[in-house]
Amino acid sequence: MTSPFDLTGRRALVTGSSRGIGLAIARSLLEAGAHVVVHGRARAVVEATAAALAGEFGADAVSTAVFDVTEESSVVEGVAAIEAAGAIDILVNNAGVQHREPMLEVSLEDWDRVIRTDLTSAFLVGRTVARAMIARGAGAIVNICSVQTDLARPTIGAYTAAKGGLRNLTKAMTAEWAGSGVRVNGVAPGYIRTELTQALVDDPTFNAWVLGRTPMDRWGEPEDIGGAVVWLSSHASRFVTGQVVFVDGGMTAVV
Ligand code: NDP
C-alpha cells in the first residue's frame, strides 16, 4: 500500500523556488516523489538551482520556468508552456517580497509592488492554473501566507495587508473551485531564517524579540515548512480546503 502522502506522478509548480522557503518546499515535494518546476525571475539562478536539484533527485524530476508573477501576459504564457509539457497538479504560490518602512512614509509605488507580488500574483497564477485544474476536475493549490496573515507589526503595513488578503483569497478560491475538485489552502510560516530576513537575524534586538515571542525558542528553518505543504498537496488532506495552517513554533498561539 502506498502512503497517502506519496506524490509520485504529480507535477508541482512552486513560484519563487530558486531560493529560500520556495527552494525548501521544492525539495520536500521532490522527496515525496513529485516532479517540480523550479521558478523565479532570474534565469541563471533558476537554472543553477534546478541543476543542483536534478543532481540530487534525477534530471526527470525537475524542470524550469522563468516569468514575473505580477505580469498577466507573462503568467499566461509561462503557465501555458509548463502545461504543454504536462499537467500542473500542484501549485504553490510562494513568490513574495517584503518592504519595511513606517506607513506614513510608504510611497504608493512600494505599496503597489508589495500588494502585486504578495497578493495579486496568487490571484493571477492561481486562476490561470485553476482553469486547467478545473477542466481536469482535480488540483491542489497552497498559498504561502505568514504570521502577518493574523497579526500586525509596525513598518510592514503593505505586507500585512497582502498576507491578510491571501487568507481570504484562499477562502474565495475555495468558495468557487471546491466543487470542481480543486482544493486551496494556506501555509503560514513563522519567522524563518532566509535572505528575506537575514538583516533581522543579525539585529540583536529583533533576534531577541523573535526568540522571546516564539514558544519553541528558535527561528524557523526553511526545511520546517515543506511537511505541511506536502500534506496539503497530497491525498492525505483530501477533505481539507479553505484552511491556513500556521507553522510558527507556536508564535500565534500565545500572547
Ligand atoms: P526570498 O526572497 O528568499 O525568495 C523569494 C523568491 O520569490 C525568489 O525565488 C524570487 O526570485 C521570487 N520572486 C520574487 N518576486 C518575484 C516575481 N515578481 N516574479 C517571480 N518570482 C519572484 O523569500 P523567502 O523565501 O523568505 O519567502 C518566500 C515566501 O515565504 C514569501 O511569500 C514570504 O512572504 C513568505 N514568508 C517568509 C517568511 C520568512 O521569515 N522568510 C515568513 C513568512 C512567510 P527572483 O527574485 O529571481 O524573481
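**Aromatic contacts around Tyr191 and Trp209**

Trp209 is partly exposed, with a relative accessible area of 30%. That value falls between the 20% cut-off for buried and the 50% cut-off for exposed. The model is predicted. Start at this residue and follow the rings.

Trp209 sits in helix α7, which spans residues 204-213. Above its ring lies a charge: the charged end of Arg153 is 4.0 Å from the ring centre.

Now widen the view. A search of the whole structure turns up 4 aromatic pairs. A pair of aromatic rings is described by two quantities, the distance of the centres and the angle of the planes. Take Tyr191 and Trp209. Their ring centres are 5.6 Å apart and their planes stand at 85°, so this pair is edge-to-face. The contact links distant parts of the chain. Tyr191 belongs to the loop between β6 (182-189) and α6 (198-201), 18 residues away from Trp209.

How buried or exposed is Tyr191? Its relative accessible area is 11%, so Tyr191 is buried.

Tyr191 has another ring partner, Trp219. Here the centres lie 6.1 Å apart, with the planes at 85°, so this pair is edge-to-face too. Trp219 is in the loop between α7 and α8 (226-233), so the pair ties together parts 28 residues apart in sequence. Trp219 has a relative accessibility of 3%, so it counts as buried.

Put the pieces together. Ring pairs join Tyr191, Phe206, Trp209 and Trp219 into a cluster. Within it, Tyr191 pairs with Trp209 and with Trp219. Arg153 adds its charged end over the ring of Trp209.

Terms used:
Residues numbered from 1 in each chain as written. Predicted model: local features only at pLDDT ≥ 70, side-chain atom pairs only at ≥ 80, totals over all residues. Heavy atoms only, no water. Phe/Tyr/Trp six-rings, centres within 6.5 Å; stacked < 30°, edge-to-face > 60°. Helix = DSSP H or I, 4+ residues; strand = E, 2+ residues; numbered from the N terminus. Buried < 20%, exposed > 50% of the residue type's maximum accessible area, 1.4 Å probe, protein only. Lys NZ or Arg CZ within 6 Å of the ring centre and 35° of its normal.
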